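Please take the sequence and the model below as the starting point. The paragraphs that follow move from helix packing to single residues and then to the overall fold.

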Amino acid sequence: MRRVPDPAPHPDDGRTTGTERDAASVLPADSSTTAWIRSRRASKIEPDPARPIAHFREAERRLDGSRPVVLHVLLAGAECPFTCIYCDLWRRTLDGPTPPGAIARQLEIALRETGTLPATCGVKLYNASNFFDPRAVPPGDDASIADLLQPFDRVIVECHPRLVGRRCLEFADRIPGRLEVAMGLETADAAALARLNKGMTLEDFDSAAARLTSAGIGLRAFVLLPAPFVPVARAVESALDAVRHAVDRGARHVTLIPSRDGNGAMDELREQGLWTPPALDLIEEAMESCARVSGAVVTVDLWDIDRCRTCRRCRPARIARLRRFNLTGSPGPPVRCRACASSS
Ligand SMILES: [Zn+2]
């Protein structure tokens, strides 16, 4: 059963810094939500489409327990056509469409600079948008991109569920490795999801998931921790619901994304008590809950983990614990700290 966020002040465990309120009290009607979000944006730093934004190697746990290297390539391309309320990825995107040939050239540079790859290696192509959006990755580039992906046994791209179509299935056939598509589920709370301005329902996610899995394409999912409009007292339970929702629909890798402010809209939601930045103990609690989910690898995105509130003394040990969890799937013993009397 899906819960509807409680518009009334929510009794919680003391972690709430604001009062949960009905989104309708601060957000305009749906038709103008995009304008509301965009009007709160600061300026972007447009990247150079002649080279990738970044590339790096990282070990990643698979369901069979192996931990092969995955080459991450952050591609410079066009902005996503959706304007999700929580998103800050637009800050490093192009104003116009991605120039033809640019993505393949960026990938070439990343491969050349990376050098020798291990025999078993995956690659993540993250373009801060949707891989199968023709404005972000021109379809005419698919063949040359696929040629460059020959060395990899897994190819992971990200895409909005509504942009997963025939091109995605054809791309899977072009590459020797297995294609995996990561989609943002964000939350399984239908009412909260509707307010994220993602232009997606749970049914959209589910039907794209079915399309992918029936074609033998791997499914990954992103879950926000916490999603805006989900009271912080229910954040862990709600994230676990979303993880289970994704796994039940075939996801074999789910990443919890600690939600963050800084995009303007989230800062305002925080001020209005509609979203609370996750403290590190909340992330650890979610990690412990998700460790019990079977049938999928669950990890915590540690990209911006230093932003999360916690005791300065035990912070490094707690972050190291999350890092170990990502690699082993086991939460391990809790960190004990005299400074904050923490045992979580
Ligand atoms: Zn401490």
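Are helix 7 and helix 9 roughly parallel or oblique to each other? The model is a predicted one, and in this model the two helix axes lie 9 Å apart and make an angle of about 40 degrees. Angles under 35 degrees count as roughly parallel, and helix 7 and helix 9 are therefore oblique. The crossing of helix 7 with helix 9 is right-handed. Helix 7 brings Ala235, Val236, Ala239, Leu240 and Val243 to the contact, and helix 9 brings Leu282, Glu285, Ala286, Ser289 and Cys290. Sorted by class, the residues of this contact are 8 nonpolar, 1 polar and 1 charged.

Helix 9 has another helical partner in helix 10. Helix 9 covers residues 280-290 and helix 10 covers residues 315-328; their axes come within 11 Å and cross at roughly 25 degrees. Helix 9 and helix 10 are therefore roughly parallel to each other. Their crossing is left-handed. On the side of helix 9, the contact is made by Leu280, Ile283, Glu284 and Met287, while helix 10 supplies Arg315, Arg318, Leu322 and Phe325. This contact holds 5 nonpolar and 3 charged residues, and no polar ones.

The spacing of such contact residues follows a general pattern. An α-helix has 3.6 residues a turn, so residues three or four places apart point the same way.

How many of the 11 residues of helix 9 are buried? The number is 8, so helix 9 is largely enclosed by the rest of the structure. The buried residues are Leu280, Leu282, Ile283, Glu284, Glu285, Ala286, Met287 and Cys290. These buried residues pack against helix 7 and helix 10, and also against strand 6, strand 7 (251-258) and strand 8 (297-300).

Helix 10 also contains Arg321. Arg321 has 19 other C-beta atoms within 10 Å, and a residue needs 20 or more to be buried; Arg321 is therefore partly exposed. Outside its neighbours within four places in sequence, Arg321 is in contact with Gly332 and Val335. From Arg321 to Gly262 the C-alpha distance is 26 Å, with their positions 59 residues apart in sequence.

Several loops also deserve a look. The loop between strand 6 (218-225) and helix 7 (235-248) contains Pro226. The peptide bond joining Leu225 and Pro226 is cis, with omega at about -15 degrees.

Ala128 and Asn197 are the next two loop residues to examine. Ala128 lies between strand 3 (121-126) and helix 3 (142-148). Its phi is near 55 degrees, which is a positive value in a residue other than glycine. Ala128 is buried, because 23 other C-beta atoms lie within 10 Å. Asn197 sits in the loop between helix 5 (190-194) and helix 6 (202-214). The phi of Asn197 is near 60 degrees, again a positive value in a residue other than glycine. With 20 C-beta neighbours inside 10 Å, Asn197 counts as buried.

Where is Ile175 placed? Ile175 is in the loop between helix 4 (166-174) and strand 5 (178-186). Ile175 has 20 other C-beta atoms within 10 Å and is therefore buried. Leaving aside neighbours within four places in sequence, the contacts of Ile175 are Ala146, Leu149 and Val155. Ala143 is 32 residues from Ile175 along the chain, and the C-alpha atoms of these two residues are separated by 9.2 Å.

The whole chain can now be considered. The protein has 10 helices and 8 strands. Its C-alpha atoms fill a box of roughly 55 × 45 × 35 Å, taken along the principal axes. For 344 residues, a compact globule would have a radius of gyration near 20 Å; the protein has 20 Å, so the two values agree. Of the 344 residues, 42% count as buried. Among contacts between residues at least 6 apart in sequence, 75% join residues at least 24 apart.

Methods
Residues numbered from 1 in each chain as written. Predicted model: local features only at pLDDT ≥ 70, side-chain atom pairs only at ≥ 80, totals over all residues. Helix = DSSP H or I, 4+ residues; strand = E, 2+ residues; numbered from the N terminus. Rg over C-alpha atoms; globule rule 2.2 N^0.38 Å. Buried ≥ 20, exposed ≤ 12 C-beta atoms within 10 Å, placed from the backbone. Contact = placed C-beta atoms within 7 Å. Axes fitted to C-alpha atoms, helices over the stretch in contact; angles between N-to-C directions. Parallel < 35°, antiparallel > 145°, perpendicular 65-115°, else oblique. Left-handed = near helix turned anticlockwise from the far one by under 90°. Nonpolar A, V, L, I, M, F, W, Y, C, P; charged D, E, K, R; others polar.
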